[in-house]
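Please examine the sequence and the structure shown here. The paragraphs that follow lead through them step by step.

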Amino acid sequence: MASLIGYYSLIIGFSISFLIIFFSIKNLSKSKLDNKIIFSVFFQFFFVSLSFLGLVQSFISSDFSNETVFNHSHTTVPTFYKISGAWGNHEGSLLLWLLVLTLFIFLFLLRSNDQPKKYRILTLLFQQIIIVGFFVFLIKTSSPFNYIFPIPNEGLGLNPILQDPALAIHPPILYLGYVGSSIIFSSALAAVVTNYISSSWAKHIKKWILTSWIFLTLGILLGSIWAYYELGWGGFWFWDPVENVSLMPWLALITLLHCTLVLEKKQILTSWVVILSIATFTLSMCGTFLVRSGILNSVHTFANDPERGLYILIFLFILVFLSIFIFLFFYKSEKTTTNSFFWLSKETSILINNWFMMYFLSVVLIGTTYPIFLEVLSSEKISVGPPFYNKLIIPFLVPFLLAMAIGPKLKWIKSELENKLNLILFLIISLLLSTFIIRNLDINFLINTILVTSAFYLFLITLKDFFSKKFKNLSQNLAHFSFSLLILSILFNNFLSTEIITNLKINETYENDALKINFEGIEQRDEQNFKAIIGKFVIEHNGGQTDIMQPELRIYNQPNIITSEADIKTTLYKDKFMTMNSVQNQEYFNIRYQVKPFMIWIWLSTFLISLSGLIGFFKKRYEN
Amino acid sequence: MYGRKVKLRFFFIILVLITLILSVFLILKSLEENVVYFKSPSDIKTLSETNKNKIRVGGMVKKNSISIKEKKLNFIITDFENEINVSYSGAVPNLFSEGKGVVAEGYLKDKSFFLATKILAKHDENYMPPEVKAALEEK
C-alpha cells in the first residue's frame, strides 16, 4: 500500500515538472512571479516527500513485496535501522537526492523575493532540468518501488556495517550538502543568462554556498567518525576514492565561498565565480557517478550497477555541455575596468587561497580518476594510496597555512601590513615552540618542525585575534582557528599514535616494555538481530594504571556477517582503541590495541569549522 | 607600447600557465612513484623479475590454508591456476576467511612468497573486488 502511494506520488511529482516548466516559460515575459509557480513547486516537493515517506513506511512495515525493502531489510532489524535502510541503498538514496533537489528549489523561491524575477524563473528552469533528469533516472533505471511476486516471507537483511547511528544520519546530511550545490549551479547559470553576476548576486548566493558547505562538512565528519570506530582501522581518513569524491566538492565550495567575497566587494572575478559554481555541482555529480557506477575500486562501494553509471555519465555530459554553452553564449565580461590587483591586498590573498585550493583539488581529482583512465588505456590495474596524497599535499600546506594567517589581516584594494613586528614575533614564538616539541619526538626534525611551526603560527595569530578583534569577523576567525586546530591535532595524532597488533588465545598475555595485555576471556550475549561475543582484556601499564577494554564481535543473523565493534576510551588527551577479530577455524583472536592522541580534537575542530559557517550564515554583514 | 592592463593580464596568464604546468608535472611524477599495481598470482608467475615495489595481490584464500602463530598469519592466495604463499602480521579484517576473496598489499620476496603489510577489508559479504572478479573470470 505504502509502496503504491510512493510510486504514484513519484509519477505525479514527475508530471508536475512539466507543469512548472510550462508555467515558468509562460511567465518569463511577465513582470511578476506567478503564484501558480510557487504552488506547483511546493506540490512537487510535497509529492516527492510523500513518495519518500511511502518508501520509509514500506521499510518500517517490512513490506517485502517491495523489491528494495526485500533486498535491504529484515524483520529482525531494529526499527531505527529499518528507517535508515530506506536511504542506505542505491534506489532509496537517489529518491533522497530528488527530495533534496525539490526541497532546495522550493526554499530558494521562498527566500529570493528580493531578487529579479527573471533570474528566479530561470534558476527554477535550470533546476527543473536537473530534477527531470533525476526523475527519469529514478523511474527508468532504479525505481525504489518495484514489485515482486510471490511475496517473500523474509528480506535479505541490511548490511550490518550500515547499522550504526552515525551512518544512519550520514547520507541525509551529506546529501543536503552535495545536492545543495545544485542550486548554486542553477542560479549561476540563470545569473549568467540575465547578466546578473554582481555584488548583490554574490551576497545572495553566499548563503546558499554556506548552507551546502556546512552540511557537507558535517556529512564528511559523520562519515569519518563512523569509519574510525566501525571499520576498526583506527584511522579517520584513508584517501579512499569514495572519501575523495566528497572532499572535491568541499574544496570547490570553500574556494567559491572565498571568491564570492571578492565578487561582493569588488565586482571582479565574475567568470571565475561562474566556473566554480558549475564545477562544484559537476563534481558532486561526478561523485555520484563514480560511487554509483562501481567503476571505482573502493572498499566503501556498496550496491552499484554499470548501466546506471552510464546514464549518470550521459546526464552529466548534457549538463556540462549545457553550462559551457550558456557560459560562452551569454556571458558578458565584467563592466568595471578596475580589475587590476595590487600585490598586497585582501583580494590577492584570496586569489592565493584559490590557487592552493585548485592545486589540492587537482591532486585529489587526478589521484582518484587516474586509475580509471589507466585501466581503460592499458588494462593495468592500480591503486593510489595515502603516500601519493601526503607527498603532494603536505609540502604545500606550509605556505597555505601561513597565507591563512596573514591573508585576513589585509585590507581590500591596497593594503599595508600592519604590526609587522607582531607577525614576526609570533613566527618566532611558534618556531621556538615547535622546535622544542619536535626535538623530543623521534621523527624527521626539519620537515616536521616547519610544518608544525606554520600550524602553530596560524593557531596563535587567530587565537590572538579573538581577543584583539573582539567579535568582528568571528566566523572567518573561528574557521581559520579551527582549521589550525584540525591540522595540529592531525599532526600530533600522527606523531604520537602507537599500535600493538598481535594474536592471542584466551588467557594468554602479551607483554612489551610499556604494558601488558591479559586476555581474560569472552562472554556471549544475544541481541535482536545479532549475537555478540565480548572479549575482556585487562591492560596493565607500567605506571601501575590498568584499563579494562571490551571489544566486541557481532555475528549478524541476516546477512550472516561478522563485524567488530571497537572499544574506545576517550579522554581529552587521547583515545584508547581496541578491536578484536576472530580468525576462521583458529583458537587465536587477532587483537589490535591503539593509543591515538587528540582524536577528539579532530572531531571537535571539524565541528567548529562547520559552526563557523553557521555563524557566518546568521550574521548580517561580514565585512565592514 | 601596450597598456598597463594588457601587460598585467599577460603576466597573469603566464603565471597561471606556469603553475599549471608545474603542478601537473609534479602530480604525474609522484603518481609514477606512488601507484600500487594489482597482480593476480598468475601475473606474478609470469613476471620476469621481482622488484622491490609495493604491490597488491588479489584472489581467493585457499581452503585450509590459514595457519596462525603468535605474530604471524600464513595463508595462500589462489586464482585457481597459480597460488602464492602469504605471510602477514597485522590486523585481520572481519571478512577475511577461507574461500573468500582477499586483497593483500605488500612486497614480493620471490615469485612464490609474498610479505603482506596490509589486508584490505571489504564491507559486503557478496562484494568482490573488481580485480578479483576479473582475475577469476579470466579463468
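**A kinked helix and its surroundings**

In this predicted model, the buried residues of α13(A) are A:Phe388, A:Tyr389, A:Leu392, A:Phe400, A:Leu401, A:Met404 and A:Ala405. They are covered by elements of both chains, including α12 (346-378), β1 (382-384), α15 (445-468) and α16 (474-496) of chain A, together with α1 (4-34) of chain B. The helix α13(A) contains 21 residues, and the distance from its first C-alpha to its last is 30 Å, close to the 30 Å expected at 1.5 Å a residue. Its axis nevertheless bends: a kink of about 35 degrees is located at A:Leu397, shortly before the proline A:Pro399.

The helix α13 also has a place in the domain arrangement. Chain A is assigned domain 1 (1-163), domain 2 (166-418) and domain 3 (474-624). Between the C-alpha centres of domain 2 and domain 3 of chain A there is a distance of 30 Å. Their contact involves 17 residues from domain 2 of chain A and 23 residues from domain 3 of chain A. On the domain 2 side, α8 and α13 (386-406) of chain A each contribute at least two residues. Which helix provides the largest share of that side? It is α8(A), with ten residues. By character, the residues on the side of domain 2 of chain A that touches domain 3 of chain A comprise eleven nonpolar, four polar and two charged.

The interior can be considered next. In soluble globular proteins, nonpolar side chains tend to be buried together. In this model, the largest nonpolar core has 155 residues, and the members that touch the most others are A:Leu98, A:Leu101, A:Phe134 and A:Ala455. Helix α8 (residues 199-230) of chain A supplies the largest share of this core, 17 residues. A second core, separate from the first, has 43 residues, among them A:Phe519, A:Phe577, A:Tyr588 and B:Met60. The surroundings of A:Leu101 can be described in detail: beyond its neighbours within four places in sequence, A:Leu101 is in contact with A:Gln127, A:Ile130, A:Ile131, A:Phe134, A:Val179 and A:Ser182.

Several loops of chain A have notable backbone geometry. Most residues other than glycine have a negative phi, and most peptide bonds are trans. Against that background, the peptide bond between A:Phe149 and A:Pro150 is cis, with omega about -5 degrees. A:Pro150 belongs to the loop between α6 (117-141) and α7 (165-193) of chain A. A:Ser62, although not a glycine, has a positive phi of about 45 degrees, and this residue lies in the loop between α2 (35-60) and α3 (67-72) of chain A. A:Asn195 is likewise not a glycine and has a positive phi of about 55 degrees; its position is in the loop between α7 and α8 of chain A.

Are these two residues buried or exposed? A:Ser62 counts as partly exposed because it has 18 C-beta neighbours inside 10 Å, whereas A:Asn195 has 12 such neighbours and therefore counts as exposed.

Chain B completes the description. It has three helices and seven strands, which follow the pattern α-β-α-β-β-β-β-β-β-α along the sequence. Of the 139 residues in chain B, 34% are buried. Among the contacts in chain B with a separation of 6 or more, 57% join residues 24 or more positions apart.

Key:
Residues are numbered from 1 along each chain as its sequence is written. Chains are lettered from A and ligands numbered from 1 in the order in which they are written. This is a predicted model: local features need pLDDT of at least 70, side-chain atom pairs count only at pLDDT 80 or more; totals for chains, interfaces and linings use all residues. A nonpolar core is a set of buried Ala, Val, Leu, Ile, Met, Phe, Trp, Tyr and Cys residues joined through C-beta atoms within 7 Å. A residue is buried if 20 or more other C-beta atoms lie within 10 Å of its own, exposed if 12 or fewer, and partly exposed in between; C-beta atoms are placed from the backbone. Helices (H or I, at least four residues) and strands (E, at least two) are DSSP runs, numbered from the N terminus. Two residues are in contact if their C-beta atoms, placed from the backbone, lie within 7 Å. Domain bounds come from an automatic or database domain assignment. Ala, Val, Leu, Ile, Met, Phe, Trp, Tyr, Cys and Pro count as nonpolar, Asp, Glu, Lys and Arg as charged, and the others, Gly among them, as polar. The expected span of a helix is 1.5 Å times one less than its number of residues. The bend at a residue is the angle between axes fitted to the seven residues ending there and the seven starting there.
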